[in-house]
Amino acid sequence: MQPTIRDVDDATYVPTVLDDHWTSTEPAPESEVLHFGPGVPPLGLTDTAVDVWRGTAPHKSRQQPRGRLHRLRRYRLAAAVLAIVLAWLFWQRQTADLRITQVTAQTSSVVQCDGTAEVVAVVRTNGAAGALTYEWHRSDGTSSGPREERLGRGQDETRLRLLWTFHGKGTSKATARLVIESPGRHTASASFAYTCR
């Protein structure tokens, strides 16, 4: 449907080139098409064409990351630092030398006729792999001789046992003393009474 042409007798009508192109079926020559400004930028969700054209629409940055991905990007530096610290601590634990942190010994308080005392020493370490050498000394002047206990990585505790058997009648006080020679020198002792009437 073509637009209608206004009545030429209308005193207020002034013919223009644009009206001529509008009513013509031929397209306007490219040289006569006028362009003003850079054109209308794309509208935002809350912008109107007038705000955008006048330049009063709020400035929006280009597409921003949203949701979970955006939050993860904000904390990636902190996560990287934490990962480095944890890796360093893990490496320190894996390459550390075996170190003893505590040694305690205990046994029953009384051993009856022809009984056997069990003395148990609890050795706590830093969890590194390695071997410890030790020896039990008894108060009767005898010893167990040098012994070795191997610990695996992550094993931060081991128990060393001494069995001491008594015979005959009498009453005496006995003491078992653990001496760890390496790594480092550590001692612990436990005492008990032997009684047989």
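Welcome to this predicted model. A good place to start is Cys113, which counts as partly exposed because its relative accessibility is 36%, between the 20% and 50% limits. Cys113 is joined to Cys196 by a disulfide, and the tour below goes on from that link to aromatic rings, paired strands, charged side chains and the nonpolar core.

**The disulfide**

- The structure has one disulfide.
- Cys113 and Cys196 form this link, with their sulfur atoms 1.9 Å apart.
- The link of Cys113 and Cys196 is right-handed, with 105 degrees about the S-S bond.
- Cys113 lies in the loop between strand 2 (110-111) and strand 3, while Cys196 lies in strand 8, so the disulfide ties together parts that are 83 residues apart in sequence.
- Is Cys196 buried or exposed? Cys196 counts as buried, because its relative accessibility of 7% is under 20%.

**Aromatic rings**

- A pair of aromatic rings is described by how far apart the centres are and by the angle of the planes.
- The structure holds four aromatic pairs.
- One of them is formed by Trp164 and Phe192, which meet edge-to-face at 5.7 Å centre to centre, with 90 degrees between the planes.
- This pair links distant parts of the chain: Trp164 is in strand 6 (residues 157-165) and Phe192 is in strand 8 (residues 186-196), 28 residues apart.
- Both Trp164 and Phe192 are buried.
- Phe166 and Tyr194 form a stacked pair, at 4.9 Å centre to centre and with 20 degrees between the planes.
- Phe166 sits in the loop between strand 6 and strand 7 (170-182), and Tyr194 sits in strand 8, so their pair ties together parts that are 28 residues apart in sequence.
- Phe166 is buried, as is Tyr194.
- Ring pairs join Trp164, Phe166, Phe192 and Tyr194 into a cluster.
- Trp164 has a charged neighbour too: Arg138 lies over the face of its ring, at 5.9 Å from the ring centre.

**Strand 6 and its partner**

- Which residues make up the covered face of strand 6? They are Thr158, Leu160, Leu162 and Trp164.
- The uncovered face of strand 6 has Glu157, Arg159, Arg161, Leu163 and Thr165.
- Strand 6 pairs with strand 3 (residues 116-125) in the antiparallel sense, over nine bridges.
- Within this pairing, Thr165 in strand 6 is the bridge partner of Thr116.

**Salt bridges**

- Side chains of opposite charge can pair when their charged atoms come close.
- Across the whole structure there are five salt bridges.
- Arg161 forms a salt bridge with Glu118, and the closest N and O atoms of the two are 3.1 Å apart.
- The bridge of Arg161 and Glu118 links distant parts of the chain, with Arg161 in strand 6 and Glu118 in strand 3, 43 residues apart.
- Arg161 is partly exposed, with a relative accessible area of 46%, and Glu118 is partly exposed at 39%.
- Glu148 forms a salt bridge with Arg150, with the closest N and O atoms 3.5 Å apart.
- Glu148 is partly exposed, at a relative accessible area of 49%, whereas Arg150 counts as exposed because its 58% relative accessibility is over 50%.
- Glu181 and Arg185 form another salt bridge, in which the closest N and O atoms are 3.0 Å apart.
- Glu181 counts as partly exposed at 42% relative accessibility, and Arg185 counts as exposed at 51%.
- Arg124, Glu157 and Arg159 are joined into one network by salt bridges that share partners.

**The largest nonpolar core**

- How many residues are in the largest nonpolar core? It has 25 residues, and of these Trp136, Leu160, Leu178 and Phe192 touch the most other members.
- Strand 1 (100-106), strand 3, strand 4 (130-138), strand 6, strand 7 and strand 8 are the elements that give two or more residues to this core.
- Strand 8 gives the largest share of the core, with five residues.
- Two of the residues named here have appeared above: Leu160 belongs to the covered face of strand 6, and Phe192 forms an aromatic pair with Trp164.

Technical notes:
Residues are numbered from 1 along each chain as its sequence is written. This is a predicted model: local features need pLDDT of at least 70, side-chain atom pairs count only at pLDDT 80 or more; totals for chains, interfaces and linings use all residues. Side-chain values use heavy atoms; hydrogens and water are left out. Rings of Phe, Tyr and Trp (its six-membered ring) pair if their centres lie within 6.5 Å; planes under 30 degrees apart count as stacked, over 60 as edge-to-face and the rest as tilted. Helices (H or I, at least four residues) and strands (E, at least two) are DSSP runs, numbered from the N terminus. Buried means under 20% relative accessible area, exposed over 50%, partly exposed in between (1.4 Å probe, protein chains only). A charge sits over a ring if NZ of Lys or CZ of Arg is within 6 Å of the ring centre and within 35 degrees of the ring normal. Two strands pair if DSSP finds at least two bridges between them. A disulfide is a pair of cysteine sulfur atoms within 2.5 Å. A salt bridge is a side-chain nitrogen of Lys or Arg within 4 Å of a carboxyl oxygen of Asp or Glu. A nonpolar core is a set of buried Ala, Val, Leu, Ile, Met, Phe, Trp, Tyr and Cys residues joined through side-chain atoms within 4.5 Å.
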